[in-house]
Amino acid sequence: MSHHLVEVRELRHAYPDGTLALDGPTFTLHHGEAVALVGANGAGKSTLLKHLNGTLRAASGEVRVGELPVQAETLAQVRRTVGMVFQDPDDMLFMPTVLEDVAFGPRNLGFPPPEAEARARVALGQVGAAHLAAKAPYHLSVGEKRRCALAAVLAMGPDILVLDEPSTGLDPRGRRLLVGLLQAFTHTRIIATHDLDLASRLCPRTLVLHRGRLVADGPTRAILADRARMESWDLEAWPPEA
Amino acid sequence: MPSLAAALLDLRELDRLARLDTPVHRLDPRAKVLATAAFLATLASFGPREVSALLPLALFPVALAALGEVPFGLLARKTLLGLPFILVLGAFLPWVDRVPVLQLGPLAVSGGWLAFASLLVRGLLAMVTATALVAVTGFGDLCAALDRLGAPRAFSQQLLFLHRYLFLAGEETGRALQARELRAFGRPLAPREYGAFAGHLLTRSWERAERVHAALRARGFDGVLPARAQTAFGTGAWGFLLGWSAFFFLCRWLALPALLGGLLAGGGS
């Protein structure tokens with residue numbers, strides 16, 4: 001088995017109020033794949049992503065990253081492999097400056113300060129945000145914050161990128177920049193999004209979640225264009241009707 | 001809402017000022033922390049009715065602010081925030097000690113009023129110095145300096161988290177107040193609404209804090225923040241620390257105002 005593979009089997013998760021957020025999705029991600037995860041609000045997309053890096057733990061079922069089952073003993077290795085960009089970049093950017101924030105992950109991985117800083121600068125360069133290094137995160141625009149949050153994950157050198165609604169709140173230019181960036185990456189990527197245009201541009205494969213169940217898994221264009229099924233999942237087809 | 005926004009803006013302004021590059025910013029943060037500790041110890045060592053003897057100590061925060069290019073308006077605003085607490089603390093002193101100890105023309109000043117004035121001067125000096133210290137050092141470096149000086153790591157890390165969560169809680173409060181104001185048309189918050197508002201705010205802040213924590217864990221955080229880049233305690237830092245310590249010593253033991261007054265009076269005769 002490739003160590004870049006993600007395997008999810010019969011995953012179930014219920015929130016403390018009893019809401020069943022995930023009801024048995026089963027799928028695998030292969031090395032270098034870019035996969036879109038779509039679904040209406042509350043379909044379980046974010047909950048599923050949080051299981052991939054162990055932020056949430058499965059009530060039943062299994063998540064494996066490469067050879068490792070995602071469990072308490074393997075979390076450090078799993079999180080080194082699976083880099084997660086959270087939905088709200090404000091939740092990620094924590095340190096007084098962008099550079100320190102991007103270096104935060106590498107420092108936690110044990111890199112000495114000069115090397116962590118070098119990795120942070122490279123990652124900021126990759127996302128076109130090198131000029132923001134000395135700024136305070138809260139002084140950035142939404143687009144800049146998103147790029148810095150992405151850099152914060154890239155600096156850790158993950159094999160798999162997990163992105164939760166990466167285009168939310170971006171203006172057209174910021175969104176174009178983001179699409180260009182993500183197209184350039186060769187990481188295995190799973191992107192939860194409502195942005196079907198972004199999904200069709202970046203991801204040859206799409207998973208559809210509906211009320212916690214995996215209801216479709218296949219070629220993006222074919223799934224998104226199936227108007228009747230998309231509407232039955234409370235989604236709209238892509239491209240929209242002229 | 002405007003006052004909350006202004007308070008957050010002032011906090012961010014302090015962070016911005018901390019990234020300036022002046023000689024006092026470049027000093028090892030430990031030197032500034034230790035000098036401030038010596039300042040506070042000196043301030044606390046004076047007798048309870050001392051007022052004029054405290055005044056020369058104001059040179060320390062004034063010098064920090066001037067050398068660090070910290071606007072005095074900002075310092076005054078942050079310092080005045082603490083004024084109500086000082087007033088409440090000292091409010092009963094004039095009633096506890098009513099024995100006249102000083103005659104100012106026809107006015108007999110009691111020991112209680114002198115103690116109140118002394119508390120006021122000490123409180124304001126401590127507030128203005130702490131604010132100036134944060135502005136020329138930065139909260140992160142301040143916490144790192146405490147860490148390197150041997151303060152319990154749990155304390156310095158909690159202080160750093162407090163600083164970050166202060167912004168989160170402030171932003172959540174600001175958003176909630178703004179959303180309410182847009183539909184309130186000037187009606188103030190009714191007493192029965194306070195509980196629901198506070199509960200809602202607490203839940204939102206809690207959830208946000210959990211998301212921040214999850215994001216930290218996802219990047220390998222295990223409860224201990226990595227140490228920041230370390231500066232050397234060079235000659236400049238020693239000079240700063242020893243110079244100010246000597247000044248505080250002089251202020252404490254030589255009663256500078258009386259000495260200066262005597263010199264001026266002697267020079268004039």
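Buried area is the accessible area that two parts lose on being put together, summed over both. I looked this up first for chain B and chain A of this predicted model.

**Entry 1, the interface.** I read about 2,400 Å² as the area buried between chain B and chain A, with 57% of it given by carbon and sulfur atoms. On the chain B side, I noted that R19(B), R164(B) and R219(B) lose the most area to chain A, together 31% of what that side buries. I then looked up who takes part in the contact: 26 residues come from chain A and 22 residues from chain B.

**Entry 2, charges and polar pairs.** I found three salt bridges between the two chains. One that I looked at joins R219(B) to D101(A), with 2.7 Å between the closest N and O atoms. For polar contacts across the interface of chain B and chain A, I have six residue pairs, both residues at pLDDT 80 or more.

**Entry 3, which elements of chain B touch chain A.** I listed the elements that give two or more residues to this side: α1 (2–18), α10 (153–184) and α11 (191–218) of chain B. The largest share, eight residues, is from α11(B). Sorted by class, I get 11 nonpolar, nine charged and two polar residues on the side of chain B that touches chain A.

**Entry 4, α10(B).** I checked the span of this helix of 32 residues: 45 Å from its first C-alpha to its last, close to the expected 46 Å. After α10(B) I came to F185(B), whose phi is positive, near 50°.

Terms used: Residues are numbered from 1 along each chain as its sequence is written. Chains are lettered from A and ligands numbered from 1 in the order in which they are written. This is a predicted model: local features need pLDDT of at least 70, side-chain atom pairs count only at pLDDT 80 or more; totals for chains, interfaces and linings use all residues. Side-chain values use heavy atoms; hydrogens and water are left out. Contact means heavy atoms within 4.5 Å. Buried area is the accessible area (1.4 Å probe) that two parts lose on being put together, summed over both. A salt bridge is a side-chain nitrogen of Lys or Arg within 4 Å of a carboxyl oxygen of Asp or Glu. A polar contact is a pair of N or O atoms within 3.5 Å; within protein, one must be able to donate a hydrogen and the other to accept it, and residues adjacent in sequence count only if both atoms are side-chain atoms. Ala, Val, Leu, Ile, Met, Phe, Trp, Tyr, Cys and Pro count as nonpolar, Asp, Glu, Lys and Arg as charged, and the others, Gly among them, as polar. The expected span of a helix is 1.5 Å times one less than its number of residues.
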